[in-house]
Amino acid sequence: MARKKSALEHLNSGREPHIVHQIPRGAPGYAEAKGGSMVVSSPREVDDFVRQLQPGEVITLDDLRAALARRHKVAVACPVSTAIFANMSARAAEERRARGVPQDDLTPWWRVLRKGGFLNPKLPGGVERQAALLAAEGARVSPLRRQLAVYDYADRRPKQLLGED
């Protein structure tokens, strides 16, 4: 039986982003693209983008997808692969942490939120860990509709990085 790849191995797989010019009907991103093209990013590209976030800044997965689509000059970025690659980036950062890499040198995965500023229970350590890391950077995390969210996430978005300045 083949050995399961680590998140770091997936991150460094050499996979490159590619453009899907004709999105199959019913596929993720089809309706959103409205006939346009879609980029399927790569684990490394998503990781590189998240690494640009500064302490106190946060983005949503939708922000990340919009930035990737703008970078590749397409209508949308694949919602499924972008979420998978963001999770992969987080797990790779935690593998590096376990090997003794200081937090300042890790990909700040805790700065990536779900739509509406909600924390992501699928990330390493769940919402409790993400909340603690965000709070250490001064973000106010509180319950909203029975889920934890960053209260002022819209004000913490990196406008320049997202092409909104």
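Leu 64 touches Val 46, Phe 49, Ile 59 and Thr 82, leaving aside residues up to four places away in sequence. The model in which these contacts occur is a predicted one. Val 46, Phe 49, Ile 59 and Leu 64 are also the residues with the most contacts inside the largest nonpolar core, which has 18 residues. Two or more residues of this core are given by each of α3 (43-51), α4 and α5 (79-98). The largest share, 5 residues, comes from α4. Another core, of 15 residues, lies apart from it, and Val 58, Ala 93, Leu 113 and Leu 123 are among its members.

The helices that supply the larger part of this picture can be taken in pairs, starting with α4 and α5. The axes of α4 and α5 lie 10 Å apart, and the two helices pack at an angle of about 110°. Angles from 65 to 115 degrees count as roughly perpendicular, and α4 and α5 are therefore roughly perpendicular to each other. Their crossing is right-handed. On the α4 side the contact is made by Leu 61, Leu 64, Arg 65 and Leu 68, and on the α5 side by Pro 79, Thr 82, Ala 83 and Ala 86.

The second pair is α3 and α4. Here the axes come within 11 Å and cross at roughly 115°. This pair, too, is therefore roughly perpendicular, and the crossing of α3 and α4 is right-handed. Glu 45, Val 46 and Phe 49 in α3 meet Leu 64, Ala 67, Leu 68, Arg 71 and His 72 in α4. Leu 64 thus appears in the contact of α4 with α3 and in the contact of α4 with α5.

Ahead of α3 is a loop that begins after β2 (38-40), and Ser 42 lies in that loop. Ser 42 counts as buried because its relative accessibility is 3%, and the cut-off for buried is under 20%. Leaving aside residues up to four places away in sequence, Ser 42 touches Arg 15, Glu 16, Pro 17 and Phe 85.

The loop between α5 and β5 holds two further buried residues, Pro 108 and Trp 110. Pro 108 has a relative accessibility of 5%. With residues up to four places away in sequence not counted, Pro 108 touches Val 50, Arg 51 and Leu 53. Pro 108 and Leu 134 are 26 residues apart along the chain, and their C-alpha atoms are separated by 9.7 Å. Trp 110 has a relative accessibility of 1% and so counts as buried. Its contacts, again without residues up to four places away in sequence, are Arg 97, Gln 103, Gln 130, Leu 133, Leu 134 and Glu 137. The C-alpha atoms of Trp 110 and Val 80, which are 30 residues apart along the chain, are separated by 19 Å.

Gln 130, Leu 133 and Leu 134, which Trp 110 touches, are buried residues of helix α6 (residues 126-136). Gly 126, Val 127 and Ala 131 of α6 are buried as well. An α-helix has 3.6 residues a turn, so residues three or four places apart point the same way. Seen down the axis of α6, the buried residues fall within an arc of 170°, so they line one face of the helix. What covers them includes β5 (112-113), β6 and β7. The face turned away from this buried side carries the exposed residues Glu 128 and Ala 136. Just after α6, Gly 138 takes a positive phi of about 90°.

Positive phi values also occur away from glycine. Most residues other than glycine have a negative phi, and most peptide bonds are trans. Lys 73 is not a glycine, yet its phi is positive, at about 55°. Lys 73 is found in the loop between α4 (61-72) and β4 (76-77). Its relative accessibility is 75%, so Lys 73 counts as exposed; the cut-off for exposed is over 50%. Arg 146, likewise not a glycine, has a positive phi of about 65°. The place of Arg 146 is in the loop between β6 (141-144) and β7 (147-150). With a relative accessible area of 84%, Arg 146 is exposed. The strands on either side of that loop, β6 and β7, are among the elements that cover the buried residues of α6.

How values were computed:
Residues numbered from 1 in each chain as written. Predicted model: local features only at pLDDT ≥ 70, side-chain atom pairs only at ≥ 80, totals over all residues. Heavy atoms only, no water. Helix = DSSP H or I, 4+ residues; strand = E, 2+ residues; numbered from the N terminus. Buried < 20%, exposed > 50% of the residue type's maximum accessible area, 1.4 Å probe, protein only. Arc of directions from axis to C-beta. Contact = heavy atoms within 4.5 Å. Core = buried A, V, L, I, M, F, W, Y, C linked by side-chain atoms within 4.5 Å. Axes fitted to C-alpha atoms, helices over the stretch in contact; angles between N-to-C directions. Parallel < 35°, antiparallel > 145°, perpendicular 65-115°, else oblique. Left-handed = near helix turned anticlockwise from the far one by under 90°.
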